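Biologist: Please take a close look at a single part of this model. I would like one connected account of how that part sits among its neighbours.

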Amino acid sequence: MVLVRSDQPEIQLQALRTALSLSLGDRQADLLIATAGVAVLSPVPGSEAERCLQALRQVGLAIRLDDPLARSSGHPDAEVMDHSDFVERLATAEFVQVF
């Protein structure tokens with residue numbers, strides 16, 4: 001699992017690259033996005049981050065948001081989770097990479 005909690009575009013791009021790399025390899029990695037990281041779903045058009053999101057959508061990666069308000073600025077394929085479910089998902093994950 002890859003958790004994006006940073007609001008810094010460079011760190012968000014690293015998270016997208018990691019999620020894509022894992023998902024194209026031997027381990028599908030869900031992408032969880034905390035409130036501060038929601039901008040990862042609105043990348044600059046034509047950017048590497050936008051291409052990563054498109055590829056993640058094509059491989060069917062689960063994208064889950066912690067903040068219900070994030071859907072309005074978010075990704076059409078993102079699932080908004082209750083905070084307690086979001087935390088539970090993190091707590092029970094086999095592995096987590098945090099960005």
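Modeller: What follows is a walk around helix 2 and then the sheet, in a model that is predicted.

Start with the helix itself. Helix 2 covers residues 48-58, and its buried residues are Ala49, Cys52, Leu53, Ala55 and Leu56. Viewed down the helix axis, these buried residues fall within an arc of 165°, so they line one face of helix 2. The spacing has a simple background. An α-helix has 3.6 residues a turn, so residues three or four places apart point the same way.

Now the cover. Helix 1 (9-24), strand 2 (31-33) and strand 3 (63-65) are among the elements that cover the buried residues of helix 2.

Take helix 1 next. Its axis and that of helix 2 come within 9 Å and cross at roughly 30°. That makes the two helices roughly parallel, because angles under 35 degrees count as such. Helix 1 supplies Leu13, Leu16, Arg17, Ala19 and Leu20 to the contact. Helix 2 answers with Glu48, Ala49, Cys52, Leu53, Ala55 and Leu56. The crossing is left-handed.

Just after helix 2 comes Gly60, with a positive phi of about 80°.

Then the sheet. It is open, has five strands in the order 4-3-2-1-5, and pairs in parallel. Strand 4 (78-80) and strand 5 (97-98) stand at the edges with a single partner strand each, so one side of each has no neighbour in the sheet. Strand 1 (residues 2-4) pairs with strand 2 over three bridges, in the parallel sense. Val2 stands opposite Leu31 of strand 2. Helix 3 (residues 83-91) also packs on the sheet, where it touches strand 1, strand 2 and strand 3. The direction of helix 3 makes about 135° with that of strand 2.

Terms used. Residues are numbered from 1 along each chain as its sequence is written. This is a predicted model: local features need pLDDT of at least 70, side-chain atom pairs count only at pLDDT 80 or more; totals for chains, interfaces and linings use all residues. Side-chain values use heavy atoms; hydrogens and water are left out. Buried means under 20% relative accessible area, exposed over 50%, partly exposed in between (1.4 Å probe, protein chains only). Helices (H or I, at least four residues) and strands (E, at least two) are DSSP runs, numbered from the N terminus. The arc is that of the directions from the helix axis to the C-beta atoms. Contact means heavy atoms within 4.5 Å. Two strands pair if DSSP finds at least two bridges between them. Axes are lines fitted to C-alpha atoms, for helices over the stretch in contact, and angles run from 0 to 180 degrees between N-to-C directions. Angles under 35 degrees count as roughly parallel, over 145 as roughly antiparallel, 65 to 115 as roughly perpendicular and the rest as oblique. A crossing is left-handed if the near helix is turned anticlockwise from the far one by less than a right angle, and right-handed if clockwise.
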